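Student: I'd like to learn how to read a structure like this one. Can we go through a few features together?
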Amino acid sequence: MMFKSLRRFTYSLLAILLASLSVPLLAKADGQSTTTHTLNNSYVVYGAGVASEHYADLDNVLGTDSNFKKLTSTASDYRKYISDSTNTTDAAMISSVAIAPGDPGSGVKVNIKDYNGSNNITTVTAQQYALVAQMAGVTDVTIVVTANRPVSGEAALTGVYKAFAADGATLNTTNTATANQMLDATQDAINANSDDKTYPGKLMAAVGDTTKQIAQEKQDGNSLTTDQIAKLLEEALAKRGISEQTTTNQVNNIVNVLVNFQNSPISSSSKYVSNVGNTINNVKNSTGNLMNKAKNWASSLDTKKASETAQNWFQKLITWIQSLFS
């Protein structure tokens with residue numbers, strides 16, 4: 001009788017343990033079935049045009065350590081992930097990036113770090129990087145960008161996409177193409193409002209708001225016209241208080257990309273709707289180059305490893321309990 005009671009108790013305990021594990025495991029499986037991905041490992045990706053003697057300085061600026069897997073982004077990668085109609089050379093690949101997993105629900109956060117006291121990413125803003133990466137299918141990561149000499153910064157996304165490929169995640173090329181188009185489409189408006197440090201965050205939040213609404217409509221079976229998409233964007237710009245700062249031509253450029261977004265696979269993903277909300281929260285009130293101000297920006301990697309260790313421990317316990325009755 002005592003043995004039967006013990007066995008019933010043990011099976012009950014096993015059921016509880018399995019239930020506790022099922023939630024994160026199912027969430028991981030669902031995440032892998034969509035067009036939105038996060039990382040399992042941390043990476044540092046150097047531009048092919050950077051001499052190796054600068055790597056140590058770059059590591060110091062980026063805040064990386066031995067846990068980061070090292071990659072190099074080349075002109076071939078640029079043509080693969082950004083634009084195949086370019087004559088970009090390896091020597092032009094200067095910007096370097098570090099990227100690490102973030103906590104679930106953290107969205108995309110981006111830091112642009114000075115190199116020897118100078119901000120060498122001269123064009124692209126942290127807020128642009130964040131939303132564009134989200135549109136490409138990246139989420140729950142922190143990205144740090146720098147360069148050892150002045151560059152526009154567009155090539156930095158190559159390193160992000162290459163890191164995800166190395167991690168085993170296939171980013172849909174239609175999604176990445178649309179995301180890259182949004183980088184170009186928002187640049188003119190940001191350049192025109194360079195004296196307003198809050199503008200990039202407000203603009204990218206408005207764009208994010210609009211993509212979220214488009215995705216929700218699409219998933220409800222509704223295909224929006226260009227005029228309807230334009231109205232959504234104009235309302236979002238007004239909500240963020242920058243409609244008067246954004247010209248009709250600038251709005252039209254963004255709307256053209258939003259139409260492409262509606263036709264992209266990622267707009268059919270329910271995960272995108274929730275994930276872009278997290279990134280919107282990151283960019284909407286951010287100014288300047290630091291969106292993740294944690295002293296150790298990659299500390300969440302240790303949390304992730306601790307979680308995996310705990311799961312492995314539970315699995316060993318389950319195996320041991322099962323062995324009692326084998």
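Student: Let's start with the rings. How many aromatic pairs does the count come to?

Tutor: Keep in mind that this is a predicted model. A pair of aromatic rings is described by the distance of the centres and the angle of the planes. Here, counting ring centres that lie within 6.5 Å, we get three aromatic pairs. Take Tyr46 and Tyr55: the ring centres are 3.8 Å apart and the planes sit at 5°, so this pair is stacked.

Student: And is Tyr46 buried or exposed?

Tutor: The cut-off for buried is under 20% relative accessible area. Tyr46 has 2%, so it is buried. Its ring partner Tyr55 comes out at 22%, so Tyr55 counts as partly exposed.

Student: OK, on to the sheet. In what order do the strands come?

Tutor: The general idea is that strands of a sheet pair through backbone hydrogen bonds, either parallel or antiparallel. In this model, five strands form an open sheet, ordered 2-1-3-5-4, with mixed pairing. Strand 2 (69–73) and strand 4 (108–112) stand at the edges with a single partner strand each, so one side of each has no neighbour in the sheet. From one strand to the next, the twist averages 20°.

Student: How many bridges join strand 4 to strand 5?

Tutor: Five, and the two strands run parallel; strand 5 covers residues 141–146. If you want one bridge to look at, Val108 has Val141 in strand 5 as its partner.

Student: Which strands does helix 4 lie across?

Tutor: Helix 4 (residues 126–136) lies across strand 4 and strand 5, and runs at about 145° to strand 4. Then look at helix 5 (residues 156–166), which lies across strand 1 (43–47), strand 2, strand 3 (96–101) and strand 5, at about 130° to strand 2.

Student: Now a single residue. Where is Asn275, and what does it touch?

Tutor: Asn275 sits in helix 10 (residues 270–284). Leaving out residues up to four places away in sequence, Asn275 touches Thr36, Gln134 and Thr139. With a relative accessible area of 10%, Asn275 is buried.

Student: What about the whole chain: how many helices and strands does it have?

Tutor: The protein chain has 11 helices and five strands. Of its 326 residues, 47% are buried. Among contacts between residues at least 6 apart in sequence, 85% join residues at least 24 apart. The accessible surface of the chain is about 15,400 Å², and 50% of that belongs to carbon and sulfur atoms.

Key
Residues are numbered from 1 along each chain as its sequence is written. This is a predicted model: local features need pLDDT of at least 70, side-chain atom pairs count only at pLDDT 80 or more; totals for chains, interfaces and linings use all residues. Side-chain values use heavy atoms; hydrogens and water are left out. Rings of Phe, Tyr and Trp (its six-membered ring) pair if their centres lie within 6.5 Å; planes under 30 degrees apart count as stacked, over 60 as edge-to-face and the rest as tilted. Buried means under 20% relative accessible area, exposed over 50%, partly exposed in between (1.4 Å probe, protein chains only). Helices (H or I, at least four residues) and strands (E, at least two) are DSSP runs, numbered from the N terminus. Contact means heavy atoms within 4.5 Å. Two strands pair if DSSP finds at least two bridges between them. Axes are lines fitted to C-alpha atoms, for helices over the stretch in contact, and angles run from 0 to 180 degrees between N-to-C directions. Accessible areas come from the Shrake-Rupley method with a 1.4 Å probe; for residues, only the protein chains shown count as cover.
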